[in-house]
Amino acid sequence: RDSTTQRGVTTTTVANYYIKLVKLMEEERSYKNPFPDYSPIPSLLEVDGTNTNKLHGACQDKLLLVIHRLLKNIHDNFVADSKDYSIYTGSSGQALLHLHLHNKLPGLKDDSHLKEALSWLESCLSHMKGSRASFLCGDSGPNALAAVVYYKLNDTKRSRYYIEKVESMCNTVCQDADLPDEILYGRCGYLSALLFLRHNWPGLRAFR
C-alpha cells in the first residue's frame, strides 16, 4: 500500500471529502419559518381593552365543535367499571367533566351538563362505603361533587346532605394514625374535597 494511505484511503481522497463537507456546510441548512414574527397581541384573542382573554367568535365555534365531538366519542365508547366509582379513574370523573363544562363553556343557558353530571353520580353515590376519605380515590370526592351540583341546581337541602356526608369523615381522617398524608388516599385528599366545596360554594360556612 501507499505510505500516504490509512486503511486503503489516500490523503487525496480525505482532502476531497473535506472539501465536499465544507461546501455542504456553507449551503443553507434550515427550514424557512412560514409564520409571522411574534406579536404581543395574541391573534386568537379578542382585543377589547378589558384583558378578559376571550377567544374570537370563530375560534370559540371551532373549539365547541371539537368538544362536542369528543364528548360524543366518550359517551359512545366509555364502559363504566361497576367497581370503580372514583373521580380519578371511575364514573365520578365523568360527572366532574360535565360540571367543568357547565362552568366554563361560553353562553351556556341551561342545566344540561349539571343533569348529565347527576346521571353519572346516581349509581356512584349508592355504592359509597366510607373506606377511603380522599377526593380523587375515595368517598369524599363524589359526595363533594354531588353537593356542588345540587347547589348549582338550587337544591340546597340535598346539597347540605352531601356536605354532611363529607364532614362525617373528619374524625376518622384526623384520628386514624395509619392514614397517610398524601393526596390520592390520605389526608391531603380529604383536604382537597373540603377546598373543592369552599371554592365552588362561595360563602359556605359549614365546616367546623
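**Exercise 1. Find the largest pocket in this predicted model and say what lines it.**

Start with size. The largest pocket comes out at a volume of about 340 Å³. Next, look at the walls: 18 residues line the pocket. Go to the centre and you'll find Lys83, Asp84, Tyr85, Ser86 and Cys137 as the lining residues that lie nearest to it. Finally, sort the lining by chemistry. That gives six nonpolar, seven polar and five charged residues.

**Exercise 2. Work out the overall layout: how many helices and how many strands are there?**

Count the elements and you get eight helices and zero strands. Walking along the sequence, then, the pattern reads α-α-α-α-α-α-α-α. Now check how the chain packs. Of its 208 residues, 29% count as buried. As for contacts with a separation of 6 or more, 52% of them are between residues 24 or more positions apart.

**Exercise 3. Describe the largest nonpolar core: which residues touch the most other members, and which helix gives the largest share?**

A bit of background before you dig in: nonpolar side chains tend to be buried together in soluble globular proteins. Here, the largest nonpolar core holds 31 residues, and Leu121 and Leu197 are the ones touching the most other members. Then ask where the members come from. At least two residues each are supplied by α3 (92-104), α4, α5, α6 and α8. The largest share belongs to α5, with seven residues.

**Exercise 4. Search the whole structure for aromatic pairs, then classify the one between phenylalanine 135 and phenylalanine 196.**

The search turns up five aromatic pairs. For phenylalanine 135 and phenylalanine 196, the centres are 5.0 Å apart and the planes make an angle of 40°. Stacked needs under 30 degrees and edge-to-face needs over 60, so an angle in between counts as tilted. That settles this pair: tilted.

Now place the two rings. Phenylalanine 135 sits in the loop between α4 (112-125) and α5 (140-152), while phenylalanine 196 belongs to helix α8 (residues 187-200). The pair links distant parts of the chain: the two residues are 61 apart in sequence, yet 8.8 Å apart in space, C-alpha to C-alpha.

Last step, the surroundings. Because buried means under 20% relative accessible area, phenylalanine 135 at 9% qualifies, and so does phenylalanine 196 at 14%. Leave aside the neighbours within four places in sequence, and phenylalanine 196 is in contact with Leu96, Leu99, Phe135, Ala144, Leu145 and Val148.

**Exercise 5. Take tyrosine 150 and tyrosine 162: is the pair stacked or tilted, and which helices does it join?**

Begin with the geometry. The centres are 5.9 Å apart, with 5° between the planes, and the pair is stacked. Next, map the residues: tyrosine 150 lies in helix α5 and tyrosine 162 in helix α6 (residues 156-167), so the pair ties together parts twelve residues apart in sequence.

Then check exposure. Tyrosine 150 is buried, at a relative accessible area of 11%, and tyrosine 162 counts as buried too, at 14% relative accessibility. To finish, look for a further partner: Tyr161 joins Tyr150 and Tyr162 in one aromatic cluster.

Technical notes
Residues numbered from 1 in each chain as written. Predicted model: local features only at pLDDT ≥ 70, side-chain atom pairs only at ≥ 80, totals over all residues. Heavy atoms only, no water. Phe/Tyr/Trp six-rings, centres within 6.5 Å; stacked < 30°, edge-to-face > 60°. Helix = DSSP H or I, 4+ residues; strand = E, 2+ residues; numbered from the N terminus. Buried < 20%, exposed > 50% of the residue type's maximum accessible area, 1.4 Å probe, protein only. Contact = heavy atoms within 4.5 Å. 1 Å grid on protein atoms, 1.4 Å probe; cavity = no way out; pocket = protein on both sides within 12 Å on 5 of 7 lines; lining within 4 Å. Points joined across faces, edges and corners; volume = space filled by probe spheres on them. Nonpolar A, V, L, I, M, F, W, Y, C, P; charged D, E, K, R; others polar. Core = buried A, V, L, I, M, F, W, Y, C linked by side-chain atoms within 4.5 Å.
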